[in-house]
Amino acid sequence: MDNEPQFFETNAAPGVVGQPLSRVDGWAKVTGQARYSAEYNQLPGLVHAVLKTSDVAKGRVTSIDTSAAQRQPGVLAIFTHENLPKLAKTPNNPDDRKAFASSPMSFFPMASDQVHYAGQPVAMVVADTLEHAQYAATLLKVNIAAEVPVSSYLDPKATSYVPKNVKGTAGVTKRGDAQAAFRSAPVQLTATYHHATNHHNPMEPGATTAHWEAPDRLTVYDTTQGVSETQKTLAAMLGLATEQVRVVTKYLGGGFGCKAWVWPHVVLAPLAAKAVGRPVKLVLTRPQQFTGMGHREEQEQTLRLGATKEGKLLGIVHEKTSTTSPWDDYAETNSRIINMLYALPAFESTYHLAKASVMTSTSTRAPGDMPGSFAIECSMDDLAYQLGLDPIQVRLLNYAEKDATNGHPWSSKSLKQCYARGAELFGWSKRNPKNGQTRQGKLLVGYGMATASYPVHNSVGNARVRLYADGRAVVQAGATDLGTGTYTIITQVAADALGVPPENVRFELGDTILPTTQWSGGSTAAGRVSSSVYLAAQEVWQKLIKAAVMDKKSPLYGAKAADVVMEKGRLQLKADPGKGEAFGEVMKRASLSDVEGTAQGRYGSVYKEPGATADANMNKEEKEAAAGYSMHAFGTHFCEVHVDPELGTVRVARWVSVMSAGRILNPKTARSQVIGGAIFGIGSALMEQTVRDPNLARYTNADLASYHVPVNADIPNMTVDFIDEHDPHVNAMGVKGIGEISIVGVTAAVANAVFHATGRRLRSLPMTPDKVLEALRQPA
Amino acid sequence: MSSDLFPPADTPSPADNSRRSFLKQSGGILGLALAPPLVSQAERLTAYSKVVAGTTEFTLRVNGQARTVRAEPRVTLLDALRERLDLTGTKKGCDHGQCGACTVHIDGQRTLACLSLAVMQQGKEITTIEGLAQGTELHPMQAAFIKHDGFQCGYCTPGQIMSGVACVREGHADTDDQAREWMSGNLCRCGAYPNILAAVREVAGQPSKG
């Protein structure tokens, strides 16, 4: 709203915001004192639950013999579909689901005898020790009448269809006549891109500790990215009022999208705790993590790109085919980024789904934009090579000065500066324009780059600020810190907003007893929580200013409140800064030990148009239309790869990322997020793939020894830089998120570098040595 | 790839505390007469705890303190630390020796607590992340991790730090490539590797060149 203050105006003088403050939670993390959700051991009578999962991907449970397990010492209860307490509302029921804030799939296991995917929980053992529960679970004899499963969209038994909607995006979208534009284009490129299944694999597996403090009071320590969403959903499922459930997540060991939802184990733990009358801890094993909290679906995309002989885009036709579960039409929306990244006159996109015997895939770091960017950014690279243009040049040629999808101007966009700065830091000018020409010893050397972008998703949330007369402050919001730095950046924002040093600020998060704010996901937390804290601090000042101007003993007595400002903890006249006093003086005379302020922070188009979210049927485009601006972060990645032509191995030798994402609150934690996103993407580009057996539809590599994530030796030193941006439209702080944009374009940058090194275009991820060697056997 | 990445042939192999070798030994205990060399091992075990079946009480030296643990022989050191001694700084990421999150020091050697049975660690000096700092004074590796932002979520961090301390002590952090290799048993999904490298190399006395 225009009458709301903005950080740009009230904090023009440099403060701690924008400084590379070390993490305020660093001490707790390096000393082992930080308690994660499976570490609340002090709960009275805490016992352990262990899941028994199905080896079969499809069928019906005909019997479960629990007798041997039951006889084991320490076993307190065994739950199967026959005795699991019923949920008040269940994900299986579409009407019930409306009450959930965070339901990842329309199926709840152990509610019937049905088995729909391998790894689905079929029983749960509760025992006094972890070992007793684990051993007893191995003694359960589960008989399943197996049926023939469908393993993926690639299975000949699979039937493909075009869904009405995927994640709020229509199954078919058309802007202009892209088919005609492609058909008549002088330059036509058609390419198909393949993506393996990927798993988030946060180092901390999913874990839920449930404690019924009274029959109507449940506290849950859960690995969740959103305590409020989990609270609301759990309450509905368990038949409680929202306020009867408390969810706590003080530290979260990574999330990457898989911890954004209430998965079955989150509900099973409180059910077990209620039944045995003791607090229950349920931790997924690493193999269970692969079938317990979703994945990024395997998929293929075909991109048909039409352009002029000069390299200007005329139209793109995009099709995606992917696997979904038996119950949900879920697909990452790859089309979004392909539609908006360049000045593209016509676009058409179609989603094809095939139901298979798998759980529903879920949000994974930059859902849609990450795989979508692989297709568009490799095809743009193809276009550049085909026309003899520099890859940066072809992108500048198609630079979108406004959002082609709706005609709106960008709230801010500094992509040109990102290209220029990235090229400079990387030494792009030294690149040989011809591919397959650069060698270092026997290694083939390639340079590649790609564009990154991620949208600003609307989000709102509350915060409370309490400023004490001694200059210390407690700041609260029910946000979560996935490791992204929320604890630290919000401490910085509060310090500047209150004019006190950061060591005087304690920021509390991760608990539903704190002011309600939305989940940490979709790169929304930094912009939303920082804005709500900043605005809550403004309320503190308004209260103090009011007290000062009415206080006869104050130098500000009689002044108009609107003429008084806060500068580094001092209340003073705007026109005469010499006239004023420290806030502590005002509070002392008024006998105020502390002053509280609360506020709602808004991120995205709801910032200027709070009504934009009121209509739930309004899609993102309509919301942006209401605000008049398109809001995205932009950036670039540059990389150098070394390809061993004999072994087919690809090593990333150098990396440069340059991001523009509004105000960077802390360049140290922001840099870590960007290198982290790039490394996640390098994993996806070169090594990560979960393989489902085509006959049994069961993962063959559901562990960290055979699902390869990057290790230290895979990663070079990385250079990260930020383009400073002033964006007054996005929120009160001018902040855009960076957690997800950092992975967008990464796989394409690596593939483009491999193409430059070898002259071979690899369009199937991950680019493992077998694929590289096969490509090298083909003519360039 | 330079040769300093790999240990010379005469490097002593780390003490074998693994669950796997215990099981082999247990099998051996059953056939003592056939396997005389294992008698000493069996004696060594029973010297500390007369009964190795069922729940027993035994003592572990953790971070310089004698701690009593009541557990079955199948209980791993990791679960003994986390579930019995409430030393939750040592993390469980995979429980199969694949991620390094549970790295502790046993008699100064970095060891995966998830592959070690608690009952076999009697008489040994166990150091966990909680025992690294001297009071409020952080170990230089802990301070370097904060300074270089060698973590995000913090879940792999205790294991990384315990590995980092050992890596420097072993003399495996003398070059960037060597340190990268010898820190590669510890996965970090947030992707803090360049920062972890910077921290380890700083403590090794040579800042990372990249």
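Colleague: Let's start at the end of helix 11 of chain A: which residue follows this helix, and is its phi positive or negative?

Modeller: Helix 11 of chain A is followed by Gly388(A), and the phi of Gly388(A) is positive, near 70 degrees. Keep in mind as we go that this is a predicted model.

Colleague: How many Å should helix 11 of chain A span?

Modeller: Count 1.5 Å a residue. Helix 11 covers residues 369-387 of chain A, so its 19 residues should span 27 Å. The C-alpha atoms at its two ends are 26 Å apart, which agrees.

Colleague: And why is helix 11 of chain A described as largely enclosed?

Modeller: Burial is about counting neighbours: a residue is buried if 20 or more other C-beta atoms lie within 10 Å of its own. In helix 11 of chain A, 16 of the 19 residues are buried, so the rest of the structure largely encloses this helix.

Colleague: Let me try that on one residue. Why does Gln179(A) count as partly exposed?

Modeller: Because Gln179(A) has 15 C-beta neighbours inside 10 Å. You'll find Gln179(A) in helix 6 of chain A, which covers residues 178-183.

Colleague: Which residues does Gln179(A) touch, leaving out those up to four places away in sequence?

Modeller: Gln179(A) touches Val317(A) and Glu348(A). Also look at Gly315(A): along the chain it is 136 residues from Gln179(A), yet their C-alpha atoms are separated by 7.5 Å.

Colleague: Now the sheet in chain B. How do I read its strand order?

Modeller: Here's the general idea: strands of a sheet pair through backbone hydrogen bonds, either parallel or antiparallel. In chain B, five strands make an open sheet with the order 2-1-5-3-4 and mixed pairing. Strand 2 (65-71) and strand 4 (109-112) of chain B are the edge strands, each pairing on one side only. From one strand to the next, the twist averages 45 degrees.

Colleague: How many bridges join strand 1 to strand 2 of chain B?

Modeller: Seven bridges, and the two strands run antiparallel. To see the pairing residue by residue, find Phe58(B), which stands opposite Val69(B) in strand 2 of chain B.

Colleague: Which strands does helix 5 of chain B lie across?

Modeller: Helix 5 (residues 157-169) of chain B lies across strand 3 (103-106) and strand 4 of chain B, and it runs at about 40 degrees to strand 3. For the wider picture, chain B has seven helices and five strands, and 51% of its 210 residues are buried.

Colleague: What about chains A and B together: how many residues does each chain bring to the contact?

Modeller: In general, the size of an interface is often given as the accessible area lost when the parts come together. Here we simply have residue counts: 44 from chain A and 50 from chain B. On the chain A side, helix 18 gives the most, with seven residues. That side divides into 19 nonpolar, 16 polar and nine charged residues.

Colleague: Last one: which domains is chain A divided into?

Modeller: Domain 1 (7-34 + 459-603) and domain 2 (365-456 + 626-777). Their C-alpha centres lie 37 Å apart, and 25 residues of domain 1 are in contact with 23 residues of domain 2. On the side of domain 1 that touches domain 2, helix 15 of chain A gives the most, with six residues.

Conventions. Residues numbered from 1 in each chain as written. Chains lettered and ligands numbered in written order. Predicted model: local features only at pLDDT ≥ 70, side-chain atom pairs only at ≥ 80, totals over all residues. Helix = DSSP H or I, 4+ residues; strand = E, 2+ residues; numbered from the N terminus. Buried ≥ 20, exposed ≤ 12 C-beta atoms within 10 Å, placed from the backbone. Contact = placed C-beta atoms within 7 Å. Nonpolar A, V, L, I, M, F, W, Y, C, P; charged D, E, K, R; others polar. Domains from an automatic or database assignment. Expected span 1.5 Å × (residues − 1). Pairing = 2+ DSSP bridges. Axes fitted to C-alpha atoms, helices over the stretch in contact; angles between N-to-C directions.
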